[in-house]
Amino acid sequence: MIAAGKGDLTDARKAQRARFSEPEAIERAKHGDVQAFEFLYQMHRRRVYSLCLRMTANTASAEDLTQEAFLQLFRKIGTFRGESAFSTWLHRMAVNVVLMQLRKRGLAVVSLEDTLENTDEEAPRKELGVADRALMGSIDRLQLQRAVETLPPGYRMIFLLHDVEGYEHNEIAEMVGCSIGNSKSQLHKARMKLRELLKPSRAEKAFRP
Amino acid sequence: MLSRQRARNLVVVVVLAGVGLASGEIRKEYHFSVGRKVNVSIINQYGPISVKPGVKGQVSVTAILHSDKVEVDQSQGRKRVDITSHLLSGADEESGAVEYIVTAPPDASVNLHSRNGTLHAEGFHGDVTLEGAEAIVDVRDVSDAHVHVRTLNGPITMTNIREGHVEVTSLSGDVVMSSVNGPFVQVNSNSGKIRYDGEFGGGGEYFLTSHTGDIEATAPSYASIEVVARSEQGKVENDFQLQPRHTSFPIKTGSAFAGTVGKAASSVKLFSISGKIHLKKR
Amino acid sequence: MNCLEFEELLPEFLEGVESHEQQTHLRSCSACSDLVSELNTICRQARLLQASDEPSPRVWHAIRRQLRDEGLVRSQAEKGGLTMLPGGAHHRSMRWMLPVAAGLLVTLGVVRYEQRERSTPPMMTQSSLRGAAPLSTGASSSSISGQGLADESVANANEDEQLLNALGAEGSSLRAAYRTDLQDVNGYIRDAEESARKHPNDEVAQQYLMNAYEQRATVYELALDRSQP
């Protein structure tokens, strides 16, 4: 006998389906309800983990940082008063955890103030007057993910915070400790570098139909 | 995109009754198409589970059910495959037993739970978590990933584990580690013996502690460690010539020692309340 | 405006600060126009990377364990007693609360031990202060505050009996095995406390205590937790 399709979940797993709204879960978590903690974790784990993974390009480090971010959140949850969205609060915490880790490792979070001379090695080449339509609309998530992983840490952080996570430059400047101008300039360089990385090679172009 | 998703999740179930099996046993096979870094979770009440690397892109599960008093629930999420043994009314340790033989891609992370039986996982570079009150645990050849083991009375054997966190909790089961090196290795035992034979390498932190179980650690002469060992009531022995180092507690000869070997890259702590501790030189 | 001048101002342009000159240049220069389109594509596609990956279950296990160790979660018991339901339902209700209560043992055991030793208020979280179950370290209570320890010993023994009763359906040999396990861990807790009394402020002694309570929590979890989350 052959059957195809997904199997059923056990009753135990069905019982674990979410029963809270987020505000309810937050209130319950303040009183030590472990299921509320778990609910909040399940709701937000992907975003926090993805940020940590993009920054460290290492699953073990990303998981450790995710764990630390949530632990910090849960330790401080009693102080959350709802002035901002819970997800914003959590996300800030995760960013700070990642930044602290990078600083501990002695990695530059952002490059020095913007001068072309200082960043020559990292700066993407300017390709003026070269028409290249190959990039438009052809990036998928995996390509972009791989390209982001190869960015220098400073560029990567600003790109992740601005274009992936949606922070404004003034927020980024405050978080990472740089000027708004530096944040803008790093972002631009990151995008230009990604553009270079994402262009297909000449060999790939030769085989295109 | 949606039809591709459905095709990827196709599960093929083959049920074979009575072919080469003992009377009453039922064999089922499941095949899951999976992507990278899938999480494979097997929750069993009774019976062994073995997981080994297989072909990329596929998780294959063979379940041998000892009777019709147990069912296998299986489900697949975006990055997960979950298998659970579901006991029916009247099932006991014999009739409720299921034997699982599983292959998964080498980058899968693996969670195995069974009250008894052998839990075996080898050859992965995704996280491995093994738990069971009476389970006999054997994990080997895991690199760049975390390994977590919790048992009460079953013995634990770990071989060639590298570059990840290793955390072991055991009560009376002996813990035997060969070539286990990484940034963090911790064993928390009660009466079970702890035997470590390896390099204490990687600049890691190694904590081996017990209540009454003896601790025997064997390292090569070229080991690079900072070691502290202490037993409140048991004997303590050391085969290395240590460069002395300061500790926060008094070093009573025969009950404690502390010092460095080589460049002291790794930190090794051996503590027991009444077990014997012996740091041996290979 | 030439292409070089256009690219100098490109960061601001992409932020929406556009000049008439730049717009004019874009209309006439396909290279710069393509450049702007490509950078916008990268910016748009970047959102795909948000929340695109999932951590392994290990992460939640570790968080949950740490929350219990720190006393940040508390059991159903503290809200108004254990729910004693007939038959199998009792087991199911215990199944949720006992691992959480067991986890509290790790932190509260250490903290209450320190409180007895120093007679100073414990550094407990608000949640753990609300009617936390008293703890004991086992039968022998000779050294200090005999009455206090005896009370805690009784409470601990009661918890263990509840756990063993909850396993009633599992068979006498299994209950006997868990009973032995609990005796072993309670013995470890006793000895760890003794060590801590002899060596106050000793980190090793504190570590023994933490390890002993971690083992106690493991017994409770493995006895009751049939499935991982």
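Which residues are buried in α7(A)? The legends below, drawn from a predicted model, start with that helix.

**View 1. Helix α7 of chain A, a mostly covered helix.** The helix spans residues 153–164 of chain A, and 11 of its 12 residues are buried. The buried residues are Gly154(A), Tyr155(A), Arg156(A), Met157(A), Ile158(A), Phe159(A), Leu160(A), Leu161(A), His162(A), Asp163(A) and Val164(A). The cover comes in part from chain A itself: it includes α3 (34–56), α5 (86–104), α6 (141–149), α8 (169–176) and α9 (180–198). Helix α4 of chain C is also included in the cover. Gly166(A) follows just after α7(A) and takes a positive phi of about 85°.

**View 2. Chain A overall, with 10 helices and 1 strand.** Along the sequence, the strand precedes the helices, in the pattern β-α-α-α-α-α-α-α-α-α-α. Chain A has 209 residues, of which 39% count as buried. Consider its contacts with a separation of 6 or more: residues 24 or more positions apart account for 66% of them.

**View 3. Helix α4 of chain A against helix α5 of chain C.** Two packed helices are described by the angle between their axes and the distance between the axes. Here α4(A) covers residues 59–76 and α5(C) covers residues 57–69. Their axes come within 10 Å and cross at roughly 35°. The crossing of α4(A) past α5(C) is right-handed. On the chain A side, the meeting residues are Glu63(A), Thr66(A), Gln67(A), Phe70(A), Leu71(A) and Phe74(A). Facing them from α5(C) are Arg58(C), Val59(C), Ala62(C), Ile63(C), Gln66(C) and Leu67(C). By class, this contact holds 7 nonpolar, 3 polar and 2 charged residues.

**View 4. Parallel strands β12, β14 and β16 of chain B.** Strand β12 (residues 136–143) runs parallel to strand β14 (residues 156–162), and 6 bridges join them. One of the paired positions is Asp138(B), whose bridge partner in β14(B) is Thr157(B). Strand β14(B) also pairs with strand β16 (residues 175–181) of chain B. That pairing is parallel too, over 6 bridges. In it, Met158(B) stands opposite Met177(B) of β16(B). In a regular strand the side chains alternate between the two faces of the sheet.

**View 5. Chain C overall, with 10 helices and 0 strands.** Its pattern along the sequence is α-α-α-α-α-α-α-α-α-α. Of its 229 residues, 39% count as buried. Among contacts in chain C between residues at least 6 apart in sequence, those joining residues at least 24 apart make up 63%.

**View 6. Confidence along chain C, from helix α4 to helix α7.** The mean pLDDT of chain C is 68. In this chain, 60% of residues reach 70 or more. Confidence is highest in helix α4 (residues 30–45), at a mean of 88. It is lowest in helix α7 (residues 126–129), at a mean of 32. Over residues 76–99 of chain C, pLDDT stays under 50, and the model has 31 contacts beyond four places in sequence for this stretch. Residues 119–149 of chain C are also below 50, with 68 contacts in the model beyond near neighbours in sequence. Where pLDDT is low, the predicted coordinates should not be read in detail. The model as a whole scores ipTM 0.87 and pTM 0.55.

Technical notes. Residues are numbered from 1 along each chain as its sequence is written. Chains are lettered from A and ligands numbered from 1 in the order in which they are written. This is a predicted model: local features need pLDDT of at least 70, side-chain atom pairs count only at pLDDT 80 or more; totals for chains, interfaces and linings use all residues. Helices (H or I, at least four residues) and strands (E, at least two) are DSSP runs, numbered from the N terminus. A residue is buried if 20 or more other C-beta atoms lie within 10 Å of its own, exposed if 12 or fewer, and partly exposed in between; C-beta atoms are placed from the backbone. Two residues are in contact if their C-beta atoms, placed from the backbone, lie within 7 Å. Axes are lines fitted to C-alpha atoms, for helices over the stretch in contact, and angles run from 0 to 180 degrees between N-to-C directions. A crossing is left-handed if the near helix is turned anticlockwise from the far one by less than a right angle, and right-handed if clockwise. Ala, Val, Leu, Ile, Met, Phe, Trp, Tyr, Cys and Pro count as nonpolar, Asp, Glu, Lys and Arg as charged, and the others, Gly among them, as polar. pLDDT is the predictor's confidence in each residue, from 0 to 100. Two strands pair if DSSP finds at least two bridges between them.
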